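The reader is invited to consider the structure shown here, first as a whole and then through selected residues.

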Amino acid sequence: RRKRLQSDRLSRVRFVGETAMRSEALRGKGRIETLFSSSLAAFVGWVAEDIWEGLTEAVWLLGSNVLANLLLFRCYFFVCLKSFRTLPPELVDEGKLNARLLEQKEFELNVPKSFVQSVDSALDNVEADIGTLRRQNKRGEGREENKVVGQRPEKQNFKGKMFAFFTIRLLSIAASVWGSLWQSFFISMLQFVFLPYSLFAAVIYGLETGAVLFAAYAVVFPLLTVGTDVILKLCIPGWTSELVSIPLSWYLILGFLLLDQFQCFVSLFWTFKAGGKPRRVSVRRTLESVGYGFLNCKTYFLVLLPLLCGRVRVNLLVWCLDAVLGISWSAYTRLMGFWNIIYYPEHRMGHLRYVYPDAHKFHHILHDATPFDAHAFGSGAPEEWLLLWVEVAVALCLSV
């Protein structure tokens with residue numbers, strides 16, 4: 001009996017102990033679940049707060065960049081209009097200046113001092129306004145405080161800009177070769193994410209250069225093509241323009257690139273000017289020119305030509321007629337007379353401290369030039385975005 005009582009007590013004690021342990025475990029589990037749920041809620045709150053802050057900063061950054069570009073556009077058109085209204089006709093139209101020079105008489109050109117002051121003031125104001133926008137930007141505020149006075153902004157970040165831009169350019173080339181026109185177009189627009197102020201430079205440079213370079217050819221070549229087709233069809237039965245045109249093929253593109261590089265190589269040792277002997281440069285400098293010059297100057301054609309491959313035919317007869325008659329050249333030289341008056345404001349604004357690293361500095365990486373990195377108009381690759389797509393549109397729509 002005594003043993004039975006002891007056994008019952010031990011059973012009750014064991015039951016009470018197990019019950020207490022089970023209850024404690026349940027309470028601990030509840031605390032862990034509560035702690036986990038509260039931690040998860042706090043983490044989600046932190047993530048949501050970070051996402052919201054990132055979105056607000058991105059929206060602010062986008063808005064400030066758009067506003068900065070609008071300020072640049074306004075300044076450019078202000079300077080251009082003031083130049084046309086204020087400067088002497090000889091400084092507006094190069095043709096009138098050449099006519100005065102042909103008279104071989106002494107003459108005087110006067111520029112009002114107020115014009116110079118107003119232009120300088122407009123450029124200083126737009127630069128100050130963009131600086132204010134950057135300081136107000138939450139992302140740029142901390143960086144601006146550490147700038148050295150007189151030092152160009154984002155100097156240390158320029159290599160990152162170069163890497164981003166040329167990566168985008170190579171992706172755009174890949175889309176042109178293996179993808180579609182629209183894929184290449186939208187990929188190329190990514191440059192404005194990493195180089196926001198290149199939007200102003202690209203649009204203005206594309207408009208002014210397209211108006212001077214392509215306007216004459218875009219009008220003359222279609223008219224010559226249609227005119228020659230009509231006349232030759234009347235004179236020669238069964239005539240088609242395909243008899244005197246060649247398709248733009250990969251062989252033609254490859255030949256063009258190889259001929260261009262060969263001409264650059266020959267020009268290292270002999271040119272038409274400077275007595276036929278250009279200044280010699282080191283092998284290292286030449287290799288730098290070959291590499292960077294190809295990226296900055298030649299990749300333009302690697303985007304353009306594959307998009308036209310198989311879609312455009314080169315009419316050799318029209319080219320020869322235009323070369324003999326000089327119609328497009330006459331129109332081009334007439335339009336070129338206004339080049340300086342519209343190019344000077346864009347070029348000067350391209351050297352503003354905030355615009356310069358995003359566009360025109362790509363042209364000044366190499367401070368001298370060899371044939372491999374020479375450029376007809378002295379522009380950086382980011383400045384040619386609109387010009388590139390204007391050329392694609394003109395070629396595809398007008399077949400010139």
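The paragraphs below proceed from the overall chain to its confidence and then to particular sites.

This is a predicted model. The chain has 400 residues, of which 38% count as buried. Its secondary structure consists of 15 helices and 2 strands. Contacts reach across the sequence: among those between residues at least 6 apart, 80% join residues at least 24 apart. The accessible surface of the chain amounts to about 24800 Å², and carbon and sulfur atoms account for 66% of that area.

Confidence varies along the chain. The average pLDDT is 81, and 80% of the residues score at least 70. Helix α7, covering residues 181–188, has the highest confidence, with a mean of 94, whereas helix α5, covering residues 138–145, has the lowest, with a mean of 46. Over residues 139–153 the pLDDT stays under 50. For this stretch the model has 18 contacts beyond four places in sequence.

Attention may now turn to the surface. A nonpolar patch of about 820 Å² is formed there by L259, F262, F265, V266, F269, W270 and F272. One of these residues, W270, is located in the loop between α10 (250–267) and α11 (283–308). W270 has a relative accessibility of 46% and therefore counts as partly exposed, since that class lies between 20% and 50%.

A second loop contains a residue with a notable backbone angle. Q104 lies between α3 (94–102) and α4 (113–136). Although Q104 is not a glycine, its phi is positive, at about 55 degrees. Is the side of the chain at Q104 buried or exposed? Q104 has a relative accessible area of 74%, and because this is over 50%, the residue is exposed.

The cysteines complete the picture. How many disulfides does the model contain? The count comes to 0 disulfides. Two cysteines, C309 and C320, may be considered in terms of their accessibility. C309 has a relative accessible area of 17%, which is under 20%, so C309 is buried. C320, by contrast, has a relative accessibility of 48% and so counts as partly exposed, this value being under the 50% above which a residue is exposed.

Conventions
Residues are numbered from 1 along each chain as its sequence is written. This is a predicted model: local features need pLDDT of at least 70, side-chain atom pairs count only at pLDDT 80 or more; totals for chains, interfaces and linings use all residues. Side-chain values use heavy atoms; hydrogens and water are left out. pLDDT is the predictor's confidence in each residue, from 0 to 100. Helices (H or I, at least four residues) and strands (E, at least two) are DSSP runs, numbered from the N terminus. Contact means heavy atoms within 4.5 Å. A disulfide is a pair of cysteine sulfur atoms within 2.5 Å. Buried means under 20% relative accessible area, exposed over 50%, partly exposed in between (1.4 Å probe, protein chains only). Patches are made of residues with over 30% relative accessible area and no salt bridge: like charges are joined within 9 Å, nonpolar side chains (Val, Leu, Ile, Met, Phe, Trp, Tyr) within 5 Å. Accessible areas come from the Shrake-Rupley method with a 1.4 Å probe; for residues, only the protein chains shown count as cover. A salt bridge is a side-chain nitrogen of Lys or Arg within 4 Å of a carboxyl oxygen of Asp or Glu.
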